[in-house]
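Biologist: Could you take me through one part of this model at close range? I would like to hear about the sheets and what sits around them, in one connected account.

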Amino acid sequence: MRNIHSIEFYTGSKEEVLTGFSGDFPYIASRAELDKYMGRFVPWHWHKAVELFYMESGSLEYYTPGGKVLFPAGSGGMVNSNVLHMTKAMSRTEKNSQLLHIFDVSLLAGEQGSRIERKYIAPIVAAPQIEIIPLFPENMEQKKILELIVQSFRFSSEEFGYEIKLREVLSEIWLMLFQLCSPMLNKSGEHSKSNDRIKLMMIYIHEHYFEKISISELAAAAYLSERECFRVFHDCLHMTPIEYIKSYRLQIACQMLARGRESVTVISHACGLGSSSYFGKVFREYAGCSPSEYRRKWQDCDT
């Protein structure tokens with residue numbers, strides 16, 4: 001298990017790059033040291049693999065298009081395949097640390113179209129109403145799943161039969177999750193296209209953030225009207241398109257300040273934020289400090 005304190009994305013996207021993922025065993029385990037992430041949050045992103053997690057210490061807030069859930073130490077859950085999500089470290093009194101299993105469901109299902117996939121895997125990953133399955137130790141059924149998740153992190157990749165043992169315990173956890181969320185599976189619900197449309201518009205922003213972006217251009221990227229564009233952003237990200245564009249530009253500015261030596265003026269123009277005076281104003285509102293102070297903090301930080 002490796003410790004991580006940053007996130008990487010495919011160019012022009014917010015699909016996460018899963019370093020260490022391999023075709024012959026599509027799985028990685030990691031410990032996310034959330035206080036070391038820039039801004040102590042992980043921005044909106046998605047990945048095809050499912051995310052099974054346990055809060056080792058501190059507390060973490062998960063945001064999805066469906067809302068937000070607070071996970072204190074000792075709780076955990078699963079984020080479904082391709083679900084947009086972001087997280088924020090919440091505790092100020094202890095380290096915010098999260099253990100993660102991220103794996104492609106083919107690890108459990110085997111060959112595509114198999115009976116296991118059809119009966120137990122596809123019903124969950126294809127259910128738009130299941131974005132995140134929260135697990136809390138106060139519930140006895142959920143506590144048993146959490147105990148298995150903790151146990152699954154104790155396997156060593158060096159021990160004999162590691163891959164088979166890990167797949168076995170993940171399969172057991174999955175079956176318990178399946179039983180837990182079966183009432184949700186029985187609910188009728190129409191597939192929403194908003195998830196795909198918001199991703200198209202996010203990708204457009206990530207490819208053009210340094211340019212002037214009009215709402216009409218953004219809406220056209222997802223074949224929507226301007227009105228529908230505003231609705232999709234509100235429903236999925238709980239903000240307006242303008243707010244997301246500014247937020248993304250500021251995230252890029254944070255990365256450039258923390259990792260480079262360019263002047264504040266160069267960075268403000270490179271991120272599409274205009275003059276250095278306007279940049280300084282909106283950056284302070286966003287980060288709680290000036291761009292120069294932010295640079296000193298993160299370049300001095302042992303990350």
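Modeller: Happy to! Keep in mind that this is a predicted model. Let's begin with an open sheet of four strands, which pair antiparallel in the order β3-β8-β5-β6. Its edges are β3 and β6 (residues 67-72), and each of these has a pairing partner on one side only. From one strand to the next, the twist averages 15°.

Look now at the β3 end of this sheet. Three bridges hold β3 and β8 (residues 85-89) together in the antiparallel sense, and His45 of β3 stands opposite His85 in β8.

Just past β3 (41-45) comes the loop that leads to β4, and His47 is found there. This histidine counts as buried because its relative accessibility is 2%, under the 20% cut-off. The side chain of His47 makes a polar contact with the side chain of Glu51, at 3.0 Å. Leaving aside neighbours within four places in sequence, His47 is in contact with Glu15, Glu16, Leu18, Ser81, Asn82 and His85. His85 is thus a link back to the sheet, as the residue in β8 that His45 stands opposite.

On the other side of that loop, β4 takes us to the second sheet. Six strands make up this open sheet, in the order β1-β2-β9-β4-β7-β10, and their pairing is mixed. β1 (2-4) and β10 (132-135) each have a single partner strand, so one side of each is left without a neighbour in the sheet. Here the twist averages 25° from one strand to the next.

At the β10 edge, β7 (residues 76-79) and β10 run antiparallel and are joined by four bridges. One pair to find on your screen is Gly77 with its bridge partner in β10, Pro134. Helix α4 (residues 162-185) packs on this sheet, where it touches β2 (27-33), β4 (50-57), β7, β9 (97-103) and β10. The direction of α4 makes about 95° with that of β10.

As you work at the bench, you may also care about the cysteines. The structure holds zero disulfides. For Cys271, the closest cysteine sulfur is that of Cys254, 8.9 Å away, which is too far for a bond. Cys271 counts as buried, since its relative accessibility is 0%. Cys289 is in no disulfide either, and its nearest cysteine sulfur, again that of Cys254, is 8.0 Å away. With a relative accessible area of 14%, Cys289 is buried.

Methods. Residues numbered from 1 in each chain as written. Predicted model: local features only at pLDDT ≥ 70, side-chain atom pairs only at ≥ 80, totals over all residues. Heavy atoms only, no water. Pairing = 2+ DSSP bridges. Helix = DSSP H or I, 4+ residues; strand = E, 2+ residues; numbered from the N terminus. Axes fitted to C-alpha atoms, helices over the stretch in contact; angles between N-to-C directions. Contact = heavy atoms within 4.5 Å. Buried < 20%, exposed > 50% of the residue type's maximum accessible area, 1.4 Å probe, protein only. Polar contact = N/O pair within 3.5 Å; in protein donor to acceptor, adjacent residues only side chain to side chain. Disulfide = S-S within 2.5 Å.
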